[in-house]
Amino acid sequence: MNWINVLPLRNIASDDFIRTVQVSGRKLCIVKVGKEYYAVQNKCPHAGADLSNGWCESGKLVCPYHRHEFDLKTGRGAAGQGNYIDTYPVELREDGLYIGISEPWWKFW
Ligand code: FES
């Protein structure tokens, strides 16, 4: 697995946030809720909305277009949606927030 620093420590707010980061041309959505960080795909699988414009409710990321909900830990869509989002492991280190990418480089980049 390759670990990539996507947010230097100085850019991490103490408040909760939802924002996008670019990793080699791909947009990922980073979510901070309390002391937990999550990294998920940024494009909604339903109709392509930008999930970073959504909001969090009870551990789920809610899409701003049609309100599909996705579990931040597993990526599973709510019952009846029949969809999911990719999730990525995260680690908060001394110098920033890292995302683990296990896909072969030719798929991710
Ligand atoms: S585009 Fe996200 S729920 Fe429709």
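Helices and strands here are DSSP runs, a strand needing at least two residues, and they are numbered from the N terminus. Keep that in mind, since labels such as β6 and β7 will come up when we place residues like Arg67 in their loops. One more thing before we set off: this is a predicted model.

Let's start with the overall picture. The chain has 10 strands and one helix. Walk along the sequence and you pass the strands β-β-β-β-β-β-β-β-β-β, and then comes the α at the end of the pattern. How does the overall size fit? A compact globule of 109 residues would have a radius of gyration near 13 Å, and the chain has 13 Å, so the two agree. Along the principal axes, the C-alpha atoms fill a box of roughly 40 × 35 × 20 Å.

Now for the inside and the outside. Of the 109 residues in the chain, 37% are buried. The chain exposes about 6500 Å², and carbon and sulfur atoms supply 46% of that area. As for charge, there are 13 positive and 12 negative ones, and their mean positions sit 4 Å apart. If you look at contacts between residues at least 6 apart in sequence, 42% of them join residues at least 24 apart.

Where does the nonpolar interior gather? The largest nonpolar core has 14 residues, and Leu7, Val21, Ile30 and Ile99 are those with the most contacts inside it. Two or more residues come from each of β1 (2-8), β2 (17-23), β3 (26-33), β4 (36-41) and β10 (96-101). Take Leu7 as a guide: setting aside neighbours within four places in sequence, its contacts include Phe17, Val21 and Ile30, and also Gly96 and Leu97. Apart from this core lies another one, of 12 residues, with Ala49, Leu51, Cys63 and Leu72 among them.

Leu72 is a handy way into that second core. Leu72 is found in the loop between β7 and β8 (87-88). Is Leu72 buried or exposed? Its relative accessible area is 3%, and with buried meaning under 20%, Leu72 counts as buried. Not counting residues up to four places away in sequence, Leu72 touches Val31, Val33, Tyr38, Val40, Cys56, Gly59, Lys60, Leu61 and Thr87. Compare two positions with Leu72 as the reference point. Ile4 is 68 residues from Leu72 along the chain, and their C-alpha atoms are separated by 20 Å. Ala39 is 33 residues from Leu72 in sequence, and the C-alpha to C-alpha distance is 8.1 Å.

Ala39 deserves a stop of its own. Ala39 lies in strand β4 and is buried, at 2% relative accessibility. Beyond its neighbours within four places in sequence, Ala39 is in contact with Cys29, Ile30, Asp86, Thr87, Tyr88, Val90 and Ile99. Two of those names, Ile30 and Ile99, may ring a bell from the largest core.

Finally, a look at backbone angles. Most residues other than glycine have a negative phi. Ser58 has a positive value, with phi near 50 degrees. Ser58 sits in the loop between β5 (55-57) and β6 (60-62), and is exposed, with a relative accessible area of 78%. Arg67 also has a positive phi, near 65 degrees. Its place is the loop between β6 and β7 (69-71), and at 58% relative accessibility Arg67 counts as exposed.

Key: Residues are numbered from 1 along each chain as its sequence is written. This is a predicted model: local features need pLDDT of at least 70, side-chain atom pairs count only at pLDDT 80 or more; totals for chains, interfaces and linings use all residues. Side-chain values use heavy atoms; hydrogens and water are left out. Helices (H or I, at least four residues) and strands (E, at least two) are DSSP runs, numbered from the N terminus. The radius of gyration is taken over C-alpha atoms; the globule rule is 2.2 Å times the number of residues to the power 0.38. Buried means under 20% relative accessible area, exposed over 50%, partly exposed in between (1.4 Å probe, protein chains only). Contact means heavy atoms within 4.5 Å. Accessible areas come from the Shrake-Rupley method with a 1.4 Å probe; for residues, only the protein chains shown count as cover. Lys and Arg count as positive and Asp and Glu as negative; His and the chain ends are not counted. The place of a charge is taken as NZ of Lys, CZ of Arg, CG of Asp or CD of Glu. A nonpolar core is a set of buried Ala, Val, Leu, Ile, Met, Phe, Trp, Tyr and Cys residues joined through side-chain atoms within 4.5 Å.
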